[in-house]
Amino acid sequence: MGLTIYLDGRFVPEEEAVISVFDHGLLYGDGVFEGIRAYHGRVFRLKEHIDRLYDSAKAIALAIPISQEEMAEVVVETCRRNQIRDGYIRLVVTRGKGDLGLDPRKCLRPSVFCIADSIQLYPPEFYQKGMRVITVPTRRNVPEALNPRIKSLNYLNNILAKVEANLAGVPEAIMLTQEGYVAEATGDNVFIIRRGTLLTPPLHLGVLEGITRDAVMELARKMGMTVREAVFTRYDLFTADECFLTGTAAEIVPVIEIDGRSISGGQPGQLTQRLIEAFRELTKIEGEPIY
Ligand code: PXG
(Lines give C-alpha, C1' and ligand atoms only; values in the text may rest on other atoms or scores of the structure.)
Protein backbone atom coordinates (compact mmCIF):
# COMPACT_ATOMS: atom_id res chain seq x y z
CA MET A 1 0.00 0.00 0.00
CA GLY A 2 1.43 3.32 -1.06
CA LEU A 3 1.97 5.70 1.83
CA THR A 4 1.93 9.47 1.78
CA ILE A 5 5.16 10.81 3.24
CA TYR A 6 5.96 14.27 4.57
CA LEU A 7 9.28 15.44 3.14
CA ASP A 8 10.65 18.98 3.54
CA GLY A 9 7.37 20.86 3.53
CA ARG A 10 5.47 18.64 1.08
CA PHE A 11 3.32 15.52 1.22
CA VAL A 12 4.41 13.13 -1.54
CA PRO A 13 3.75 9.51 -2.57
CA GLU A 14 6.35 7.18 -1.06
CA GLU A 15 7.99 6.60 -4.48
CA GLU A 16 8.79 10.31 -4.60
CA ALA A 17 10.00 10.50 -1.02
CA VAL A 18 13.72 10.22 -1.75
CA ILE A 19 16.84 11.57 -0.07
CA SER A 20 20.11 12.50 -1.77
CA VAL A 21 23.06 10.10 -1.65
CA PHE A 22 24.98 13.17 -0.43
CA ASP A 23 22.75 13.53 2.65
CA HIS A 24 24.94 13.32 5.74
CA GLY A 25 22.20 11.38 7.51
CA LEU A 26 23.09 8.55 5.11
CA LEU A 27 26.83 9.21 4.72
CA TYR A 28 27.59 9.66 8.44
CA GLY A 29 24.45 8.89 10.49
CA ASP A 30 24.37 12.64 11.14
CA GLY A 31 20.82 13.35 12.22
CA VAL A 32 18.18 12.62 14.86
CA PHE A 33 14.87 10.78 14.98
CA GLU A 34 11.83 9.73 16.97
CA GLY A 35 9.66 6.60 16.92
CA ILE A 36 6.12 7.51 18.01
CA ARG A 37 2.88 5.54 18.42
CA ALA A 38 -0.73 6.38 17.70
CA TYR A 39 -3.45 4.57 19.66
CA HIS A 40 -7.19 4.85 19.10
CA GLY A 41 -6.85 7.94 16.87
CA ARG A 42 -4.48 9.80 19.21
CA VAL A 43 -0.74 10.36 19.12
CA PHE A 44 0.73 9.14 22.42
CA ARG A 45 2.89 11.68 24.29
CA LEU A 46 3.50 13.76 21.16
CA LYS A 47 4.87 16.77 23.01
CA GLU A 48 7.39 14.61 24.89
CA HIS A 49 8.62 13.09 21.60
CA ILE A 50 8.91 16.51 19.93
CA ASP A 51 10.77 17.92 22.96
CA ARG A 52 13.22 15.02 22.87
CA LEU A 53 13.72 15.43 19.11
CA TYR A 54 14.64 19.10 19.53
CA ASP A 55 16.88 18.31 22.51
CA SER A 56 18.70 15.62 20.49
CA ALA A 57 19.10 18.11 17.61
CA LYS A 58 20.40 20.80 19.95
CA ALA A 59 22.95 18.40 21.41
CA ILE A 60 24.41 17.78 17.93
CA ALA A 61 24.16 21.49 16.99
CA LEU A 62 21.51 20.82 14.35
CA ALA A 63 19.03 23.67 13.84
CA ILE A 64 15.67 22.16 12.85
CA PRO A 65 14.20 24.47 10.16
CA ILE A 66 10.61 24.39 11.49
CA SER A 67 9.10 25.20 14.89
CA GLN A 68 8.04 22.60 17.46
CA GLU A 69 4.39 23.51 16.82
CA GLU A 70 4.84 23.00 13.07
CA MET A 71 6.59 19.68 13.73
CA ALA A 72 3.69 18.47 15.89
CA GLU A 73 1.29 19.41 13.09
CA VAL A 74 3.47 17.52 10.58
CA VAL A 75 3.09 14.36 12.67
CA VAL A 76 -0.68 14.69 13.08
CA GLU A 77 -1.25 15.63 9.42
CA THR A 78 0.90 12.69 8.21
CA CYS A 79 -1.32 10.39 10.30
CA ARG A 80 -4.44 11.98 8.81
CA ARG A 81 -3.23 11.62 5.23
CA ASN A 82 -2.57 7.93 5.83
CA GLN A 83 -5.80 7.35 7.77
CA ILE A 84 -3.90 6.15 10.80
CA ARG A 85 -5.78 5.36 14.01
CA ASP A 86 -3.29 2.86 15.41
CA GLY A 87 0.15 3.15 13.95
CA TYR A 88 3.87 3.69 14.18
CA ILE A 89 5.32 7.05 13.20
CA ARG A 90 8.94 7.72 12.28
CA LEU A 91 10.06 11.34 12.42
CA VAL A 92 13.56 12.07 11.10
CA VAL A 93 15.75 15.15 10.76
CA THR A 94 19.00 14.68 8.83
CA ARG A 95 21.88 17.14 8.53
CA GLY A 96 20.93 17.40 4.86
CA LYS A 97 22.81 17.33 1.58
CA GLY A 98 26.50 18.17 1.84
CA ASP A 99 29.73 17.17 0.15
CA LEU A 100 31.84 14.05 0.71
CA GLY A 101 33.68 15.59 3.65
CA LEU A 102 32.12 15.18 7.08
CA ASP A 103 32.04 18.89 7.95
CA PRO A 104 28.37 19.66 8.72
CA ARG A 105 28.88 23.30 7.68
CA LYS A 106 28.74 22.09 4.08
CA CYS A 107 25.14 20.95 4.59
CA LEU A 108 22.95 23.92 3.73
CA ARG A 109 19.57 22.74 4.94
CA PRO A 110 18.49 19.86 7.19
CA SER A 111 15.91 17.46 5.74
CA VAL A 112 12.78 16.65 7.71
CA PHE A 113 10.61 13.65 6.94
CA CYS A 114 7.77 11.79 8.59
CA ILE A 115 6.41 8.30 7.87
CA ALA A 116 3.18 7.04 9.43
CA ASP A 117 2.41 3.37 8.90
CA SER A 118 -0.05 0.88 10.32
CA ILE A 119 1.34 -1.13 13.15
CA GLN A 120 3.49 -4.24 13.01
CA LEU A 121 3.18 -5.54 16.55
CA TYR A 122 5.69 -7.77 18.26
CA PRO A 123 4.49 -11.40 18.26
CA PRO A 124 1.73 -11.82 20.91
CA GLU A 125 3.60 -14.70 22.57
CA PHE A 126 6.30 -12.26 23.77
CA TYR A 127 3.67 -10.62 25.97
CA GLN A 128 1.93 -13.82 27.05
CA LYS A 129 4.98 -16.01 27.61
CA GLY A 130 7.77 -13.46 28.03
CA MET A 131 11.08 -13.10 26.24
CA ARG A 132 14.52 -14.66 26.63
CA VAL A 133 17.40 -12.19 26.50
CA ILE A 134 21.16 -12.17 26.88
CA THR A 135 23.67 -9.57 28.01
CA VAL A 136 26.17 -8.91 25.24
CA PRO A 137 29.90 -8.12 25.11
CA THR A 138 29.29 -4.96 23.05
CA ARG A 139 29.17 -2.11 25.57
CA ARG A 140 26.72 0.78 25.34
CA ASN A 141 28.32 3.94 23.93
CA VAL A 142 30.31 5.91 26.52
CA PRO A 143 28.35 9.14 27.21
CA GLU A 144 31.51 11.22 26.86
CA ALA A 145 31.90 9.93 23.28
CA LEU A 146 28.31 9.75 22.00
CA ASN A 147 25.69 10.27 24.68
CA PRO A 148 22.92 7.64 24.44
CA ARG A 149 20.48 10.36 25.51
CA ILE A 150 20.84 11.70 21.96
CA LYS A 151 18.46 9.75 19.75
CA SER A 152 20.75 10.00 16.75
CA LEU A 153 20.64 8.25 13.39
CA ASN A 154 23.87 6.49 14.36
CA TYR A 155 22.56 3.19 15.72
CA LEU A 156 25.54 0.96 14.91
CA ASN A 157 26.27 0.43 18.61
CA ASN A 158 22.76 -0.95 19.09
CA ILE A 159 22.84 -2.90 15.82
CA LEU A 160 26.08 -4.65 16.86
CA ALA A 161 24.37 -5.72 20.08
CA LYS A 162 21.31 -6.89 18.10
CA VAL A 163 23.60 -8.98 15.85
CA GLU A 164 24.96 -10.68 18.97
CA ALA A 165 21.40 -11.45 20.11
CA ASN A 166 20.56 -12.78 16.64
CA LEU A 167 23.64 -15.03 16.65
CA ALA A 168 22.66 -16.35 20.09
CA GLY A 169 19.11 -17.04 18.86
CA VAL A 170 17.33 -14.66 21.24
CA PRO A 171 15.17 -11.67 20.29
CA GLU A 172 16.87 -8.98 22.37
CA ALA A 173 20.16 -8.00 24.00
CA ILE A 174 20.86 -6.08 27.20
CA MET A 175 23.89 -3.81 26.93
CA LEU A 176 26.17 -2.86 29.82
CA THR A 177 28.15 0.29 30.42
CA GLN A 178 31.94 0.32 30.09
CA GLU A 179 32.10 -0.43 33.86
CA GLY A 180 29.72 -3.37 33.58
CA TYR A 181 26.54 -1.81 34.93
CA VAL A 182 23.23 -2.58 33.23
CA ALA A 183 22.40 0.15 30.69
CA GLU A 184 19.58 -0.68 28.26
CA ALA A 185 18.46 -3.00 25.49
CA THR A 186 19.06 -2.20 21.81
CA GLY A 187 15.82 -0.24 21.45
CA ASP A 188 14.28 -0.50 24.91
CA ASN A 189 14.88 0.53 28.52
CA VAL A 190 15.39 -2.14 31.21
CA PHE A 191 13.48 -2.49 34.49
CA ILE A 192 13.76 -4.98 37.34
CA ILE A 193 11.51 -5.51 40.34
CA ARG A 194 13.08 -6.54 43.62
CA ARG A 195 10.95 -7.01 46.76
CA GLY A 196 8.21 -4.81 45.33
CA THR A 197 10.57 -1.97 44.34
CA LEU A 198 10.86 -0.98 40.68
CA LEU A 199 14.41 -0.20 39.56
CA THR A 200 15.77 1.21 36.29
CA PRO A 201 19.23 2.58 35.47
CA PRO A 202 19.67 6.34 35.95
CA LEU A 203 20.12 8.58 32.91
CA HIS A 204 23.68 9.59 33.81
CA LEU A 205 24.87 6.01 33.12
CA GLY A 206 24.17 6.64 29.46
CA VAL A 207 20.68 5.46 28.56
CA LEU A 208 17.92 7.00 26.49
CA GLU A 209 15.29 8.86 28.51
CA GLY A 210 12.54 6.63 27.18
CA ILE A 211 9.04 8.05 26.92
CA THR A 212 7.64 4.62 27.82
CA ARG A 213 10.15 4.48 30.72
CA ASP A 214 8.71 7.74 32.09
CA ALA A 215 5.12 6.53 31.65
CA VAL A 216 5.88 3.22 33.41
CA MET A 217 7.54 4.98 36.37
CA GLU A 218 4.46 7.22 36.72
CA LEU A 219 2.07 4.25 36.55
CA ALA A 220 4.09 2.26 39.09
CA ARG A 221 4.07 5.17 41.55
CA LYS A 222 0.30 5.49 41.10
CA MET A 223 0.01 1.76 41.87
CA GLY A 224 1.83 2.44 45.14
CA MET A 225 5.16 0.88 44.18
CA THR A 226 8.47 2.37 45.24
CA VAL A 227 10.32 3.48 42.10
CA ARG A 228 14.05 4.17 42.04
CA GLU A 229 16.61 4.99 39.40
CA ALA A 230 19.56 2.86 40.54
CA VAL A 231 22.85 1.49 39.30
CA PHE A 232 22.80 -2.30 39.17
CA THR A 233 24.70 -5.23 37.69
CA ARG A 234 24.11 -8.57 35.92
CA TYR A 235 23.90 -10.14 39.40
CA ASP A 236 20.83 -7.96 40.09
CA LEU A 237 19.30 -9.04 36.78
CA PHE A 238 19.83 -12.73 37.58
CA THR A 239 18.37 -12.42 41.08
CA ALA A 240 15.49 -10.05 40.21
CA ASP A 241 11.94 -11.08 41.10
CA GLU A 242 10.73 -9.70 37.76
CA CYS A 243 12.25 -8.02 34.72
CA PHE A 244 10.80 -6.26 31.68
CA LEU A 245 11.76 -4.00 28.78
CA THR A 246 9.98 -0.80 27.72
CA GLY A 247 9.90 1.07 24.42
CA THR A 248 7.53 2.74 22.02
CA ALA A 249 7.53 -0.24 19.64
CA ALA A 250 7.70 -2.96 22.32
CA GLU A 251 5.53 -1.20 24.96
CA ILE A 252 6.20 -3.44 28.01
CA VAL A 253 7.68 -6.88 27.34
CA PRO A 254 8.22 -9.35 30.21
CA VAL A 255 11.67 -10.96 30.39
CA ILE A 256 11.68 -14.56 31.63
CA GLU A 257 15.28 -15.61 31.09
CA ILE A 258 18.60 -13.73 31.18
CA ASP A 259 21.87 -15.46 30.19
CA GLY A 260 20.25 -18.83 30.91
CA ARG A 261 18.95 -17.84 34.38
CA SER A 262 15.21 -18.14 34.71
CA ILE A 263 13.40 -15.02 36.02
CA SER A 264 10.08 -15.02 37.91
CA GLY A 265 9.74 -18.77 37.48
CA GLY A 266 10.07 -18.58 33.69
CA GLN A 267 6.82 -16.71 33.23
CA PRO A 268 5.80 -13.02 33.17
CA GLY A 269 5.79 -11.53 36.68
CA GLN A 270 2.58 -10.40 38.35
CA LEU A 271 3.54 -6.76 38.82
CA THR A 272 4.80 -6.69 35.22
CA GLN A 273 1.39 -7.93 34.08
CA ARG A 274 -0.36 -5.24 36.14
CA LEU A 275 1.87 -2.59 34.56
CA ILE A 276 1.13 -3.92 31.07
CA GLU A 277 -2.58 -3.63 31.83
CA ALA A 278 -2.21 -0.11 33.27
CA PHE A 279 -0.17 0.99 30.24
CA ARG A 280 -2.85 -0.34 27.85
CA GLU A 281 -5.47 1.65 29.77
CA LEU A 282 -3.30 4.79 29.61
CA THR A 283 -2.98 4.54 25.82
CA LYS A 284 -6.79 4.46 25.60
CA ILE A 285 -7.22 7.84 27.26
CA GLU A 286 -4.08 9.88 26.55
CA GLY A 287 -2.77 11.57 23.43
CA GLU A 288 -3.08 14.31 20.84
CA PRO A 289 -6.27 13.76 18.77
CA ILE A 290 -5.59 13.15 15.06
CA TYR A 291 -9.15 13.75 13.86
N1 PXG B 1 16.57 2.89 24.40
C2 PXG B 1 16.93 3.00 23.11
C3 PXG B 1 18.37 2.87 22.75
C4 PXG B 1 15.95 3.22 22.12
O5 PXG B 1 16.31 3.35 20.85
C6 PXG B 1 14.26 3.20 23.86
C7 PXG B 1 15.28 2.99 24.78
C8 PXG B 1 12.85 3.35 24.35
O9 PXG B 1 12.44 4.72 24.27
P10 PXG B 1 10.93 5.13 24.06
O11 PXG B 1 10.94 6.59 24.09
O12 PXG B 1 10.51 4.57 22.74
O13 PXG B 1 10.16 4.53 25.18
C14 PXG B 1 14.59 3.29 22.49
C15 PXG B 1 13.50 3.47 21.48
C16 PXG B 1 12.39 -0.62 17.44
C17 PXG B 1 13.01 0.73 17.64
O18 PXG B 1 12.20 -1.01 16.29
C19 PXG B 1 13.10 1.33 18.90
C20 PXG B 1 13.72 2.58 19.03
C21 PXG B 1 14.22 3.15 17.93
C22 PXG B 1 14.12 2.56 16.70
C23 PXG B 1 13.50 1.36 16.54
O24 PXG B 1 12.10 -1.29 18.44
N25 PXG B 1 13.93 3.30 20.16
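A polar contact is a pair of N or O atoms within 3.5 Å; within protein, one must be able to donate a hydrogen and the other to accept it, and residues adjacent in sequence count only if both atoms are side-chain atoms. The model is predicted: local features need pLDDT of at least 70, side-chain atom pairs count only at pLDDT 80 or more, and totals for chains, interfaces and linings use all residues. Numbering runs from 1 along each chain as its sequence is written, and side-chain values use heavy atoms, without hydrogens and water.

**Exercise 1.** Identify the polar partners of the ligand nitrogen atoms.

*Solution.* Begin with E184, which places a polar side-chain atom 2.7 Å from a nitrogen atom of the ligand. Then take K151, whose polar side-chain atom lies 2.8 Å from a ligand nitrogen atom.

**Exercise 2.** Find the backbone partner of a ligand oxygen atom.

*Solution.* A polar backbone atom of I211 is 2.8 Å from an oxygen atom of the ligand.

**Exercise 3.** Explain the position of the ligand relative to the domains (bounds from an automatic or database domain assignment).

*Solution.* Domain 1 (4–117) and domain 2 (124–285) both contribute residues to the shell around the ligand, so the ligand lies between them.

Note on methods. Domains from an automatic or database assignment.
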